[in-house]
Structure formats: C-alpha cells, structure tokens
Amino acid sequence: MAQACVHAGSQRVFRTRALGTTAELVVSEGSALVAASELLELELARIDRVASRFRYDSEVSRLNALAGSAVEISADLLEAIEVALAMAAATDGLVDPTVGVAMTRLGYDRDFSLVRPGVDGDLPLAQAAPGWRSVSVDRKRRVVTVPENTILDLGATAKALAADRAATSIHRRLGCGTLVSLGGDAATAGPAPAGGFVIGIADACTSPIASEAVSISSGGLASSGIGVRQWRLGTHRVHHIVDPTTCLPATSYWRVVTTTAGTCVQANAASTAAIVLGEHAVDWLEGLGLPARLERVDGEVVYTSGWPIPQPHRSLRETSVP
C-alpha cells in the first residue's frame, strides 16, 4: 500500500499505529486534538474488532468461519459489507471482497509484519474469485450468507470507511476541520485550513521525502501501490493487490496510483481498480472524471484531468509536527 502522508504545517497532528499502518489525525484547532484523538482511536478499535480478517475473534472472521450459512450480523459489519459490495459494483468487480482465499494462498493470512520476511509456497493456479454477486445480503434482517469456501476480505474498503467515519464524527462532535489518514487512505470533514490540507505522496509514511505534495479541501484521497506490501512466496515476488479474474497479484504496471473523490472509500476503490487495470487505467479514470496521479514502475508519472496542482517537493520531517 502506498501512503498519503500529511504535511501538518500550522495544524496539530496526532500519529499512532493501527490496522497495520500509520494513522494520522490533523485538526484545525489545537485545543481539539486530545478529544479528536480519542474519537479516532474508538473508530479504529471498532473497525478492527468488526472487519479484521487477521483477528480470529473479529466479527468478519466468525462470519467467514460460517461460510455457506445465513448469519445474523451487527449493523457495523453490515455497513462494512455493503460498502465493499457497492465499490465492487462501481468498479465492475475490479475491487472484489471475495478474494480472501486468494490472499491466504499467496501467504497473506496474518499481519503483514509477519509476512514481509517471506513465506514458503508457490504461486497457485489462476482462477476467478467467487465474485461479489455471490454474497447474499438481507439488509432488513441483517443476515448475510457468504458462499462455501469463500473468505471475505474487507481490509481495503473497511480502512477507507474508518477514515471517512472518523473524520465525519470528529467534525460533528467537535466542530473543527479534520483530516484522518490511515496509510494511503485520507478523509476530510469540516472547514479546511487556508490553502487546504497538504498531503504528500510517498511509498510509505516512514519516507522522509514525499515524491509530490497536493492540497485538498474536501472529500477523500487514496493511494494504492505495489511498492510496500510485497513479499517473497517461495521463489516468487508477490504483492497484495489481487486481480479478481485470476486471484493472482495484478500485473506490475503502476507502482503507485493516487486518486481524489467525494469520499475516501470512493477514492480507494478507484486507485485499487486502476492498479488492476494496468495500462487501461488512465482512460477508465478519465471516463469517470476522477483526478489521479499514476506512477509507472519505471518512474514515469501520468496525470488525469483535474489533478490538484502539485506543491514543491517537501521534507516530511521538516513540515510535520511531532
């Protein structure tokens, strides 16, 4: 996962580790930072408890264990599943939550820190994922049926949903302008500071230098990429963005794709779908009218219409407030 890293400027920023990545919170009023950070941590704990496939006691893990049966679920998990299915529909299945078995076969069945050194095994044979349409949802009764031999992976959309929810909750409760960034997923709510929230595009939030920095005043921004979450599976290098038509890692055409949209969830789905689409991503994004920055694996950068004017290269260490 590529990262959208916050340039805090004169605002106050809170950072922590959560959901296997760096969580950053920026508020326009310094006096609100402590209360805002508490609201953020509540939302992070909620989404982890509900949607993490790496926790045996999470609600989605319990649902996956009962694949083939109709299961009554909480309103929180229902929201996460409906968001994942909506983004699958919006991307014509390019972003599909039924790739959990594929991720497991690739070795990504535990926290990434345990996968990073490499895992034993070999590339599985290509085969299509069960498909998002195979998941049955009875919204009124809050009952979901996952097909047999299927594992729901809500990781990408659930993290973006958490960013959207946290930013909105903080603004509504405290009234301040808010940006929440969870790894490569950033959401805003409320009045932005003068000049907007400045976000750096980098491979990881640990990078001291952003490749580029842009300013956004509303909506969401998300980056997806293959540069960070990759590992060795036997003798093969693999990464975490799976093509649902093959259940294998998407072709390495783009290193990082960053998009902006009305919400973080929408931006995340678009950036992930673009990685899967490869060389066809630019036309697809242009057709949707989505501003994007796409960096090929050879380093060449392509922009779609409407991408914010880049800011000068900036040092994350110099511009961020500890």
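Biologist: How many residues does H6 have, and how far does H6 reach from its first C-alpha to its last?

Modeller: In this predicted model, H6 has 20 residues and reaches 28 Å from its first C-alpha to its last, which is close to the 28 Å expected at 1.5 Å a residue.

Biologist: Which residues of H6 are buried?

Modeller: The buried residues of H6 are Thr157, Ala158, Lys159, Ala160, Leu161, Ala162, Ala163, Asp164, Ala166, Ala167 and Ile170.

Biologist: And what do those buried residues pack against?

Modeller: They pack against strand S3 (21-27), H1, H3, strand S7 (178-182), S8 and H7. Just after H6, glycine 175 takes a positive phi of about 80°.

Biologist: Lys159 is on that buried list. Which residue does lysine 159 form a salt bridge with?

Modeller: Lysine 159 forms a salt bridge with aspartate 185, and the closest N and O atoms of the pair are 2.8 Å apart. Aspartate 185 lies in strand S8 and lysine 159 in helix H6, so the salt bridge ties together parts that are 26 residues apart in sequence.

Biologist: Are aspartate 185 and lysine 159 buried or exposed?

Modeller: Aspartate 185 has a relative accessible area of 0% and is buried, and lysine 159, at 11% relative accessibility, counts as buried because the cut-off for that class is under 20%.

Biologist: Staying with aspartate 185, what stands opposite it in S11?

Modeller: Alanine 222 stands opposite aspartate 185, and the two strands concerned, S8 (residues 185-189) and S11, pair in the antiparallel sense over 3 bridges. S11 also pairs with strand S16 (residues 254-261), again in the antiparallel sense, over 6 bridges, and in S16 the bridge partner of alanine 222 is threonine 259.

Biologist: How many of the residues of S11 are buried?

Modeller: S11 is mostly covered, with 6 of its 6 residues buried. In a regular strand the side chains alternate between the two faces of the sheet. Here both faces of S11 are covered, since Gly220, Ala222 and Ser224 on one side are buried, as are Leu221, Ser223 and Gly225 on the other.

Biologist: Where is arginine 229 found?

Modeller: Arginine 229 is found in the loop between strand S11 (220-225) and strand S12 (230-233).

Biologist: What is the nearest side chain of opposite charge to arginine 229?

Modeller: That is aspartate 111, which is 6.5 Å away, and arginine 229 is buried yet has no salt bridge. The side chain of arginine 229 does make a polar contact of 2.6 Å with the side chain of tyrosine 108.

Biologist: Changing topic, how many salt bridges does the count come to?

Modeller: The count comes to 14 salt bridges. Side chains of opposite charge can pair when their charged atoms come close. One of the salt bridges joins arginine 15 and glutamate 24, with the closest N and O atoms 2.5 Å apart. Arginine 15 is partly exposed, with a relative accessible area of 33%, whereas glutamate 24 counts as buried at 3% relative accessibility.

Biologist: What about aspartate 109 and arginine 110?

Modeller: The side chains of aspartate 109 and arginine 110 meet in a salt bridge of 2.6 Å, N to O. Aspartate 109 counts as partly exposed at 35% relative accessibility, and arginine 110 counts as partly exposed at 32%.

Biologist: Which residues are linked in a network of salt bridges?

Modeller: Glu43, Arg46, Asp76, Glu79 and Arg165 are linked in such a network.

Biologist: Then H3: how far apart are its end C-alpha atoms?

Modeller: The end C-alpha atoms of H3 (residues 75-90) are 22 Å apart, which agrees with the 22 Å that its 16 residues should span at 1.5 Å a residue. Aspartate 92, which follows H3, has a positive phi, near 55°.

Biologist: Which residues of H3 are buried, and what covers them?

Modeller: Leu77, Leu78, Ala80, Ile81, Val83, Ala84, Leu85, Met87 and Ala88 are buried in H3. What covers the buried residues includes helix H1 (33-51), helix H2 (59-65), strand S5 (136-138), strand S6 (143-145), helix H6 (155-174) and helix H7 (264-277).

Biologist: And the protein overall, how many helices and strands?

Modeller: The secondary structure comes to 9 helices and 18 strands, and 55% of the 322 residues count as buried. Of the contacts with a separation of 6 or more, 67% are accounted for by residues 24 or more positions apart.

Conventions
Residues are numbered from 1 along each chain as its sequence is written. This is a predicted model: local features need pLDDT of at least 70, side-chain atom pairs count only at pLDDT 80 or more; totals for chains, interfaces and linings use all residues. Side-chain values use heavy atoms; hydrogens and water are left out. Helices (H or I, at least four residues) and strands (E, at least two) are DSSP runs, numbered from the N terminus. The expected span of a helix is 1.5 Å times one less than its number of residues. Buried means under 20% relative accessible area, exposed over 50%, partly exposed in between (1.4 Å probe, protein chains only). Contact means heavy atoms within 4.5 Å. Lys and Arg count as positive and Asp and Glu as negative; His and the chain ends are not counted. A salt bridge is a side-chain nitrogen of Lys or Arg within 4 Å of a carboxyl oxygen of Asp or Glu. A polar contact is a pair of N or O atoms within 3.5 Å; within protein, one must be able to donate a hydrogen and the other to accept it, and residues adjacent in sequence count only if both atoms are side-chain atoms. Two strands pair if DSSP finds at least two bridges between them.
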